[in-house]
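User: Please take a close look at a single residue of this model and describe its surroundings in detail. I would also like the setting of the whole chain, with the cut-offs behind each term.

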Amino acid sequence: MIIRKLNINEEAPMNLLLLADPSRIIVEEYLQRGECFVAESEGQIIGVYILLPTRPETVELVNIAVIETQHGKGLGKQLVMNAIEEAKLKGYRTIEVGTGNSSIGQLTLYQKCGFRITGVDKDFFIRHYQEKIFENGIQCRDMIRLSQDL
Ligand code: COA
């Protein structure tokens, strides 16, 4: 598997990106403002993430996703670690990530990759999404913010 930047004229893997965020409008905005990276194996795109500059010296990891048939094989971790390395190479001092209060696996993954919880954006998913979201039997209401110094 290789992880590489999406080429300029290459179509972004929208189905994969929508696994991480159900809002096409938000995903398209991230694609315009950020840099998209893809994981490719035997000619197939199997993973994706976007690095989104947010403030001076700070970048956010958004829209990380792995195709469902490949979950649980360590690819998500490889993508997160690759995003951290890319952010370092680009000279950022801080990398942030946000996930839902109900996203137990994602919270595990980010903390295993060195992120620490910095805050809670209460009712973020109620304010920004029309449909109610449930995961692991919990309603997704709040965004848990995590960060790591580079
Ligand atoms: N409970 C406990 N631990 C979990 C877990 C869960 N539900 N899900 C993952 N983990 C842990 C794994 O045990 C692993 O730790 P280890 O390396 O010590 O064994 C670590 O997290 C990484 O797992 P990995 O196999 O690399 O993750 P993955 O390839 O399945 O990818 C996602 C993780 C989140 C990218 C993938 O599930 C996905 O694409 N989900 C849909 C999109 C999404 O939700 N994106 C994030 C938006 S915030």
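**R4 and its setting in the chain**

Analyst: Buried residues, meaning those under 20% relative accessible area (exposed is over 50%, partly exposed in between; 1.4 Å probe, protein chains only), make up 43% of the 150 residues in the chain. This is a predicted model, in which local features need pLDDT of at least 70 and side-chain atom pairs count only at pLDDT 80 or more, while totals for chains, interfaces and linings use all residues. Residues are numbered from 1 along each chain as its sequence is written, and side-chain values use heavy atoms, with hydrogens and water left out.

The residue chosen here is R4, which is found in strand β1 (residues 2–5); helices (H or I, at least four residues) and strands (E, at least two) are DSSP runs, numbered from the N terminus. R4 has a relative accessible area of 18% and is therefore buried. Its side chain takes part in a polar contact of 2.9 Å with the side chain of E10, and the side chains of R4 and E40 are joined by another, of 3.2 Å. A polar contact is a pair of N or O atoms within 3.5 Å; within protein, one must be able to donate a hydrogen and the other to accept it, and residues adjacent in sequence count only if both atoms are side-chain atoms. Leaving aside residues up to four places away in sequence, R4 touches E10, C36, F37, V38, E40 and I45, where contact means heavy atoms within 4.5 Å.

The wider chain contains five helices and nine strands, in the order β-α-α-β-β-β-α-β-α-β-α-β-β-β from the N terminus. Its radius of gyration is 15 Å, close to the 15 Å that the globule rule gives for 150 residues, so the chain is as compact as a globular protein of that length. This radius is taken over C-alpha atoms, and the rule is 2.2 Å times the number of residues to the power 0.38. Along its principal axes, the C-alpha trace spans about 40 × 35 × 30 Å. Of the contacts between residues at least 6 apart in sequence, 62% join residues at least 24 apart.

As for charge, the chain carries 17 positive and 20 negative side chains, with the centres of the two sets 6 Å apart. Lys and Arg count as positive and Asp and Glu as negative, whereas His and the chain ends are not counted; each charge is placed at NZ of Lys, CZ of Arg, CG of Asp or CD of Glu.
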